[in-house]
Structure formats: structure tokens, C-alpha cells
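Please open the model in your viewer and keep the sequence panel beside it, since this tour moves from one selection to the next. Each stop names what to pick and then says what is found there.

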Amino acid sequence: MADDSIAVVDLDRCQPDRCNYECMNFCPPNRTGKECIVKRGDTYEEGEDFEGSPDQVRISEEICLGETCGICVEKCPFDAIEIINLPQELNDEPVHRFGENSFALYGLPAPQEGRVTGILGPNGIGKTTAVHILADELAPNLGKYGEEPSWDEVLDRYRGTELQNYLEDLREGDVTVARKPQYVDQIPDQFDGPTRDLLEATDERGALDDLVERVGIEPVLDNHIDNLSGGELQRVALVATLARDADFYFLDEITPYLDIGQRMTAAQLIQELAEDEDRSMLVVEHDLAILDLLTDALHVAYGEPGAYGIITSPKSTKGGINEYLGGYLDNENMRIRQTEIEFEEHAPRTSSTGDVVIEYPDLVKSYGEGEFSLEVEGGSIRESEVLGVVGPNGIGKSTFAKMLAGRLEPDEGEIDTELDIAYKPQYIEIDQPMRVDAFLASITDDFGSSYWNTEISQPLQLSSIMEQNLDDLSGGERQRVAIAACLSKDADLYLLDEPSAHLDVEQRVLATSAIRRYAENHDATAMVIDHDIYMIDLLSDRLLVFDGEPAHHGQASPPVGMREGMNEFLANLDVTFRRDERTSRPRINKPGSQLDRQQKRDGEYYYAP
């Protein structure tokens, strides 16, 4: 194989007990007597460790003919093999490769003192791997899996680059690192006890009290870590990281489960620590509005998810995001996506004039004296519309959704129980070892049809995970399966609570397109609760706005048009948005800027008309 190609075997999908080794039998080099594709157990000495099972295959990249052949890729019945031509501009060896025929990472981001640097790219592209390397949790092997290069070799690779000084300090132990993990829901698996004990153990800067107050987690300090919600865990993880006295802070996804106000607070805390104390921040994030507001520079990550990833040199934040959305990287002369992600035609939409599908009365729900209470004014949801639902965390949005779905009884008011409602909850709990394809086939008879594949499977990128077990899926994969399960049902209303969580930018756009197209093509009605302004902007016809005092009292008026609703919602948060002049994507105005002040004077928080 040419030096600019790699072979990848997905061991989770390679199932030799269910195939006839078509990849081996049809491989042209194999048929000439060469050992290009062989069983793993036949190529290692007895007792030698190797990944996978002895009956799974390995591919010799030295013998393989490369992507110009591709016969093994076509013949594999489980899509377990990829033969990939790397970009011609890629001259370096990998920074790290996890093993033979495994994922390879090229390039590393460069932390900058006193600045916030971002990484933007799809899931499975190596962003978290890069963070682990820079946090000294993974030794880069320079692509030499099976042997560990010396630090001198690693430093020679980066001599003369922006990373040289950082890696030298890392080697000498002269740099301290604090890292916030990606999946905060795993924190209770690592720590057992009250929240206060976890945070006090991390308070190395004496900043804990201020951080706790600003992110608003005082009420949960004495709660056991097991009892926290996703949003509370996210804020606890952020405080625990920023309370440490470190030179470099690595923050892996700061926005999941947070509302936009909490996201703005998180961004402000990170910026202050970088600017006021000259600390370095590296942030991996999928919320483009927050990434745009927060970062001083941006690395774009691209490649083939699960196969290889490339991290570019730093770009300006605005330029990097726009290039990523446009699908073409200027300096790299590289097309990373065939279609551009566009915003201008989508919002604000005119309100739907379809027939009323659901009309709900005034609703009241109270959890007891001194506990949270919710009051919702009566309203209606119309045929073929997508109703966006926005508001802070702890304000009653999910409570309202559960009442509509029949999972929670209101104290006052009555919901039409004859309505068929397909409901995707906020937190997805999957504990059964059922395969994805079997699970989805159990929901709809349309599973596998050309219609279902086109409308649901393809937009949600499900084909690659169909044969995996539900309990083995990542957070983003579970989210896509849950969205598919919801849309696959025959219902009067499709109710989706936070469908953007754990999805990357492209997956969010595809999921948004799937929900929107399904509503339009099937005269279906959808209600979507989410904190991602991009998704709400692309998706909604009207808005249902919740307000009040989080964790104490919530209230909602009837649904209104997008401009009226967004102005009300953003005014409550004291945040203004503008559109990018080139891509029309939503951008948060810097607080106190001239445009921010002008839009507030005009009462136009949701873009100037």
C-alpha cells in the first residue's frame, strides 16, 4: 500500500463466526499467494498479546493495494473494513496509533498561555485523544504501536513548533494539568460521597466559594453525587476543574445538559481564568455559539471518524468555524464535506396555519409545599409544525413534556389521553443487551424499508451501529437511536427532550433535518425541547417560552412566533444574537459591545430585522 493510505478493521463489527472470510478469499494479493489479509491468531507467537480474537482478520498495509482495489471493503458483509487514502498534503507520520489497523491521529493542538483555544470537529475524530496526550494521560507512540518511543523522539518530532516548549515542560514535570472529562454522568462511578467532599478536595486556588456561587450549585453541595442531575454534574465537574491550581486546563465538552444562561456563565469563568491569571485553556465543544464567544483561536479536526483524524494548525475562531461549516479548509486546500451547512433560509419561519392537533388547558403541577411548582397557560400545537421549547434548566420544561406524554399527572387541568405521543426523554437509560437493529425492528414494521432508510436511518447515520448492542453505544450513538425510535412510531405528537445532547455539529444538523423533514413530509407535529440555539433556530416554527425561578417556580404562556418568542427568551437572559455576515449562522454578541447595546435599546435580541 502507498504511504498515504491506511487499512482499518473495526473489531466491534468483524464477525468471523458469521461470514465465510470473503475479504480473505477475494483479496487479489491473497490469491497470488501473499499474506495480505490473514487471521490474527495466525500471525502472532503463542502467548503474545494482540487486540481482537484469533479468528478476526488483520490487513498488512505493506502488501495491501490500497483504495484503488477496495475488494475487501465491498465483500465484507458487516462493513468492518475501511481502506482509506489519506490527504496528499499529509506528510507526517501519526502522532498516535492505537494498534494495527486501528485509529490514527495526526497533529496536536497547541495550548497558548493566557488564551482559550478551541477544537472543533465531529465525534470519533480524535479530539479527546489529543486532550489525553496533552494532559499526560496517554504517551504518543508516533504511530509505532507495540513499542514506546523515547521522549527524545517525541521532542524531535515537534522541535521548532509551538508545541516544543509545552512538551519539554510536560516531560520534566514542570507543567500541571487539570482536565474536565467528556462524560460527566460517569463521575458517580469514580467518586462515592457528598458533592461538597469532591469539590473541597479540588480547591487548590481558594476559589471554590466564588465558583460555587457563580454557577449556582450551593443547593446541591450536601447531596450525594449519585443524586445529581446531568446539568448539576456538568457544573460540579467544571467547578472541580477550575478550582485546581494548574498551568493548563483541558475542558472536554462544557455545555451538555446546561441551559444557555449556564453556558454563558461557564464561558465567562473560563475566559476570566485565562485572561486574569494567564492560564491556558483548551476547550473541545460542539455548541458553535459558545465556542465562537469563548475561544481566541481554533483548531479544526477532520478525517474519517473511527479511522483517522487530522488536527489543523490554529485558525481564527470566526474563520475556522466558517470554514468548517462551508466544508472547505482554505490553508489546507482540503474539502472535508461535500455540502455546506447553511442557515439563512431557515429562520425566522412564519408560523404554521395548519389544523390544531393538540389543545391543552391551563395546567398546574406542584411537588409539594416549598417544592417546585409549574403553571402553564392553555395553548395549542398545530399540524405539520415543529414547536420549539426554551427556558432555563429547572423551570418545568421536562415536567410539561411528561404531563403531555401521560407520564405525570397534573394537579389541575386534564390532558387528552387519547392522543398517541412518541416521547424521547431527556436522559436516555439503556440497560438491555439488545442489538440496535432488533430494537428498532421491534418498534416499526417499516424498519429496513427504502422509506425508513431514507427518512430516518440515513440522516441519523445508523447503518454503522445497527449490529452493536444498545448497552455498548456511546452517548451520541444512544441519542441517535433514541431519536430514530421516537420518529419510527405512529403518533399524533413527536416529543423530543434535548435531542442535541452528545451530538457533534454535523449530527445535530442531520438530526434537525430528519425531524424537520419528517414533520413536513408526514403532516406530523413535533415538540422539541433544547438548549442549542442553532438547533432551535433551524428547526422551529413557533416557540413555547418558560420563565420563572429555577428549582422553585416555572410558568409558560401560550406558544408564539419565533421572533416574539426568541426576543422574550433572550431578554430574560440579557443576551443578544446577530447573524454572521457570510454564513448567516447565529452568533452571540459580546456583552456590552456596541451591537449588543444597540439591539437591547431596539428590543431586538433575536437578530436585528
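Two strands are taken as paired if DSSP finds at least two bridges between them. With that in mind, and remembering throughout that this is a predicted model, begin with the open sheet of 8 strands, whose order is β5-β6-β12-β11-β7-β10-β9-β8 and whose pairing is mixed. Colour β5 and β8 (177–180) separately, because these two stand at the edges with a single partner strand each, so that one side of each is left without a neighbour in the sheet.

Stay at the β8 edge and add strand β9, residues 248–252, which pairs with β8 in the parallel sense over 4 bridges. If you want one position to check by eye, select V177, whose bridge partner in β9 is F248.

From β9, follow the chain into the loop that leads to α11 and stop at Y257. This residue has a positive phi of about 75° although it is not a glycine. Is Y257 buried or exposed? Its relative accessibility is 10%, under the 20% limit, and Y257 therefore counts as buried.

The next selection is helix α11 itself, residues 260–277, shown together with helix α10, residues 230–242. Two packed helices are described by the angle between their axes and the distance between the axes. For α10 and α11 the angle is about 5° and the axes are 12 Å apart, and an angle under 35 degrees counts as roughly parallel, so these two helices are roughly parallel to each other. Display side chains for R235, L238 and L242 of α10, and for Q262, A266, L269, I270 and L273 of α11, as these residues make the contact. Sorted by class, the contact of α10 with α11 has 6 nonpolar, 1 polar and 1 charged residues.

Now keep α11 in view, hide α10, and bring in helix α9, residues 208–215. The axes of α9 and α11 come within 10 Å and cross at roughly 150°, and the two helices are therefore roughly antiparallel to each other. Their crossing is right-handed. On the α9 side the contact is made by L211, R214 and V215, and on the α11 side by T265, Q268, L269 and E272. By class, this contact of α9 with α11 has 3 nonpolar, 2 polar and 2 charged residues. L269 of α11 deserves a label, for this residue takes part in the contact with α10 and also in the contact with α9.

Move next to strand β1, residues 5–9, where 5 of the 5 residues are buried. In a regular strand the side chains alternate between the two faces of the sheet. Both faces of β1 are covered, with S5, A7 and V9 buried on one side and I6 and V8 buried on the other. Add strand β4, residues 81–85, which runs antiparallel to β1 and is joined to it by 5 bridges; the bridge partner of S5 in β4 is N85.

With A7 and V8 still shown, select S102, which lies in the loop between β5 (96–97) and β6 (104–106). Leaving aside its neighbours within four places in sequence, S102 is in contact with A7, V8, E51, R97 and A307. At 13% relative accessibility, S102 counts as buried.

The last selection is S584, in the loop between β26 (577–579) and β27 (586–588). Although S584 is not a glycine, its phi is positive, at about 65°, and with a relative accessibility of 13% this residue counts as buried.

Conventions
Residues are numbered from 1 along each chain as its sequence is written. This is a predicted model: local features need pLDDT of at least 70, side-chain atom pairs count only at pLDDT 80 or more; totals for chains, interfaces and linings use all residues. Side-chain values use heavy atoms; hydrogens and water are left out. Buried means under 20% relative accessible area, exposed over 50%, partly exposed in between (1.4 Å probe, protein chains only). Axes are lines fitted to C-alpha atoms, for helices over the stretch in contact, and angles run from 0 to 180 degrees between N-to-C directions. Angles under 35 degrees count as roughly parallel, over 145 as roughly antiparallel, 65 to 115 as roughly perpendicular and the rest as oblique. A crossing is left-handed if the near helix is turned anticlockwise from the far one by less than a right angle, and right-handed if clockwise. Contact means heavy atoms within 4.5 Å. Ala, Val, Leu, Ile, Met, Phe, Trp, Tyr, Cys and Pro count as nonpolar, Asp, Glu, Lys and Arg as charged, and the others, Gly among them, as polar.
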